[in-house]
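Hi,

Here is the structure I said I would pass on to you. Have a look at it first, and then read my notes below.

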Amino acid sequence: MFDKHTVEMDWAGRTLTLETGGMARQADGAVFATYGDTKLLATVCAAKSEKPGQSFFPLTVNYMEKFYAAGKIPGGYFKREGRPTERETLIARLTDRPIRPLFPKGFKNEVQVVITVLQHDLENEPDIVGMVAASAALAISGVPFQGPIAAARVGLIDGDYVLNPEISEMEESELDLVVAGTDDAVMMVESEAKELTEEQMLGAVMYAHESCQDVIKLINELVKKAGKEVWEFESPDLSAEKTAMKKVAEKGIKAAYKLTDKMERQDALRETRDAAWEALGKSDENEDGMEANVFSDVFKSIESATVRGSVIKTGKRIDGRKLDQVRPIVSEAGLLSRTHGSALFTRGETQALCVATLGTSDDEQYVDQLTGTIKNKFLLHYNFPPYSVGEAGRMGGTSRREHGHGKLAWRALQAVLPTAEDFPYTIRLVSEIMESNGSSSMATVCGCSLAMMDAGVPIKRPVSGIAMGLIKEGDDTAVLSDILGDEDHLGDMDFKVAGTSEGITSLQMDIKIAGISEEIMTTALEQANAGRLHILGEMNKALTESRDEVGEFAPRIETMKIPVDKIRDVIGTGGKVIREIVDTTGARVSVEDDGTIKIASTDKKSIEAAMEWITGLTAEPEVGVIYKGKVVKVVDFGAFVNFFGPKDGLVHVSQIKKERVNHPSDELSEGQDVYVKLMGFDDRGKVRLSMKFVNQETGEEYPREPRDDKKDGDDKPKRKRRGKKPAKKEEEE
């Protein structure tokens, strides 16, 4: 019934299959992809014409993970997938970044790519498969896409690069790197690493790109079988408009870019733009003038050519810096005294206020995903308010950009975190961008590193980050360190590197041209290394290492271990006991399945009280040890004392004092605090306690009196015990 076309290949030991014609046949392009036993569908739909006045390319990528793909029902009240999760948003961005630059300049028809995970084998990550399927769907759709691309993941396990490692293998990997590229160049890099060298990172990137080549050939094979005729599209000829714009605007643009202050430069550019529109824009007086969208494209073209040409020719930047020069840096730590940790990192006109908050296991984030529910103990949230760029704007939900920048900083810092055993806190970092003019994500890395150190988080080493740029005109190239916002917009590459003095912890690259070479990447990595070390030196002026202990207002957490079979004693029926501990002591108590108990409070006495309570519930009393107890009942033959959690014992009337006691009530009353020594257990397991050996004021044991054969004032020798041999007579002194 269906005219299906299928291609397949062996890829890293598993079969990759691409099929079209069986599903979603009304879409311009649809590819059903299988890798291992993970299956997904990628579709492409494109408008046949652009909207009038359209001034940008409206490409949308949606990535969706359906819970039925792993045989699960969504959590929550509605039991239905809702708005995109952070993971879905990040994978959508991951797919968007390498395909966006491969549409022809001037193409402004709306294009939507939808990737739906239909089945997940819980071993093969669907993100890479989705990128490959999206590329294949674009390639067969007829849309003027200058691909295809392929994507691959690389791990580093036991010193060897591993292509597309399974989810279980990634636990042992020192690297999680995703690369996308065409047949001749790398388009996108996203990674998380454990302090690897520049050579190791570059080797992984090139290994991934090489591994993509067979996948690209497979997609081209599918195009030959099922590809639609490519739409005819020619970029509009705007040479006449550019010539006119150059005459009226070039001088003003050059003058504006001599201003080093961002706001002054923007004001000067606005004046130049307004004057150019007055002269060239369409109006009632000038009906033959340029449409607004054409004017915008042409003005940006002249602006870009002016700036790029100046950098290539002079080797100087917009703000007068050399190509490898980093802007002035000011680092401050501890400026918010009541927060657990804080830092203000300023680099030129980019500034991030970063705040660290320490919490307990109750503050962990539970994330429900296809592979199961995970618990995040490390959170990083990045906020980019409109005032950071001097604009008024809508304040609403978190944007895709904020998710992406926050995750990049999270990856950069993940490698230096202490283990949960060494530091049993949940850590939340928040980066508030105060100013932005180039790489606020890398400012976030630097500021959050300092904020954790200020909070007393024992990180391995501080982490810094830098954003690199590229201007490529023909064979001439210029690699820029610590790029400005304008250099990012008008340049060809955004290459971000974060790491410690020992190596790289995260690498991200996006480009706007059809790929970059290994040589350019090598230069960028070397230049970035020098920049990172310089920034680390500036950060050290604020803090060189983590503070010795957490701050005054942070919770203290103590950890203790109990036998697993004692957990129920601590929790109690329906949680009754643990609630009583929390309510009485004021400490927060969490119990894990392995018997680990974490007790948290800002008050040391609360922690000690809770620990003592739990110890009493779970530990066993030791013979010969002195305990502080409370009299719970006085009887004719002695008194019962609660001395060890719920445990009571008997102090016999003969054990209350060294002197004879006629009746226990003469010496003791209910509720009285006493010190008792555990003497042992009788034949029935009952606890025997004594008070007469313990100083009731200090709780210390009385020193033992020397043993005598005779009692004071008695000249008669003691009777020998019946049934035992007589002891040898000791020599008199």
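**What I found**

Let's start at the beginning of helix 5, where a side-chain oxygen of Asp 261 reaches to within 3.2 Å of the backbone nitrogen of Met 263. Keep in mind as you read that this is a predicted model.

**Helix 5 and its two sides**

Helix 5 runs over residues 262–280, and a quick check on its length works out: at 1.5 Å a residue, its 19 residues should span 27 Å, and the end C-alpha atoms are 26 Å apart, which agrees.

Which residues of helix 5 are buried? They are Lys 262, Arg 265, Ala 268, Leu 269, Thr 272, Ala 276 and Leu 280. These residues cover an arc of only 130° around the axis, which puts them on the same side of helix 5. If the spacing in that list looks odd to you, remember that an α-helix has 3.6 residues a turn, so residues three or four places apart point the same way. Over on the other side of helix 5, Glu 271 and Glu 278 are exposed.

And what covers the buried residues of helix 5? The cover includes helix 4 (239–256), helix 6 (292–314) and helix 9 (485–490).

**Helices 6 and 7**

Helix 6 passes the length check as well: with 23 residues at 1.5 Å each it should span 33 Å, and its end C-alpha atoms are 33 Å apart, which agrees. Its buried residues include Phe 295, Val 298, Phe 299 and Ile 302, but also Asn 293, Glu 303 and Arg 308. Among the elements that cover the buried residues of helix 6 are helix 4, helix 5 and helix 9, along with strand 18 (464–473) and strand 19 (476–481). Just after helix 6 comes Gly 315, with a positive phi of about 75°.

Helix 7 takes in residues 400–414. At 1.5 Å a residue, its 15 residues should span 21 Å, and the end C-alpha atoms are 21 Å apart, which agrees. This helix is mostly covered, with 11 of its 15 residues buried. Among the buried ones are Leu 408, Trp 410 and Leu 413, as well as Glu 402, His 405, Lys 407 and Arg 411.

**The cores**

The largest nonpolar core has 140 residues, and Trp 11, Leu 18, Val 111, Leu 177 and Phe 495 are the ones that touch the most other members. Apart from that core lies another one, of 19 residues, including Leu 238, Tyr 257, Met 290 and Phe 299. You have met Phe 299 already, as one of the buried residues of helix 6.

Try clicking on Trp 11. Leaving out residues up to four places away in sequence, Trp 11 touches Leu 16, Tyr 35, Ile 128, Val 132, Ala 151, Ala 152, Leu 163, Asn 164, Ser 211 and Val 215.

**Some unusual backbone spots**

Most residues other than glycine have a negative phi, and most peptide bonds are trans. Here are some spots to compare with that:

- Asn 164, one of the residues that Trp 11 touches, has a positive phi of about 50° although it is not a glycine. It sits in the loop between strand 8 (160–163) and strand 9 (175–181), and at 5% relative accessibility Asn 164 counts as buried.
- Ala 12 has a phi near 55°, also a positive value in a residue other than glycine. Its place is the loop between strand 1 (5–11) and strand 2 (14–20), and Ala 12 is partly exposed, with a relative accessible area of 31%.
- The peptide bond from Gly 147 to Pro 148 is cis, with omega near 5°. Pro 148 is in the loop between helix 2 (126–141) and strand 7 (150–157).

**Two loop residues**

Is Ser 361 buried or exposed? At 12% relative accessibility, Ser 361 counts as buried. You'll find this serine in the loop between strand 13 (350–359) and strand 14 (365–369). A polar contact of 2.8 Å joins its side chain to that of Ser 590.

Glu 622 lies in the loop between helix 13 (604–618) and strand 25 (626–635), and is exposed, with a relative accessible area of 53%. Glu 622 and Leu 678 are 56 residues apart in sequence, yet 7.0 Å apart in space, C-alpha to C-alpha.

**Cysteines**

How many disulfides are there? The count comes to 0. As for individual cysteines, Cys 212 is buried, with a relative accessible area of 0%, while Cys 45 counts as partly exposed at 38%.

Happy exploring!

Note on methods:
Residues numbered from 1 in each chain as written. Predicted model: local features only at pLDDT ≥ 70, side-chain atom pairs only at ≥ 80, totals over all residues. Heavy atoms only, no water. Helix = DSSP H or I, 4+ residues; strand = E, 2+ residues; numbered from the N terminus. Expected span 1.5 Å × (residues − 1). Buried < 20%, exposed > 50% of the residue type's maximum accessible area, 1.4 Å probe, protein only. Arc of directions from axis to C-beta. Contact = heavy atoms within 4.5 Å. Polar contact = N/O pair within 3.5 Å; in protein donor to acceptor, adjacent residues only side chain to side chain. Core = buried A, V, L, I, M, F, W, Y, C linked by side-chain atoms within 4.5 Å. Disulfide = S-S within 2.5 Å.
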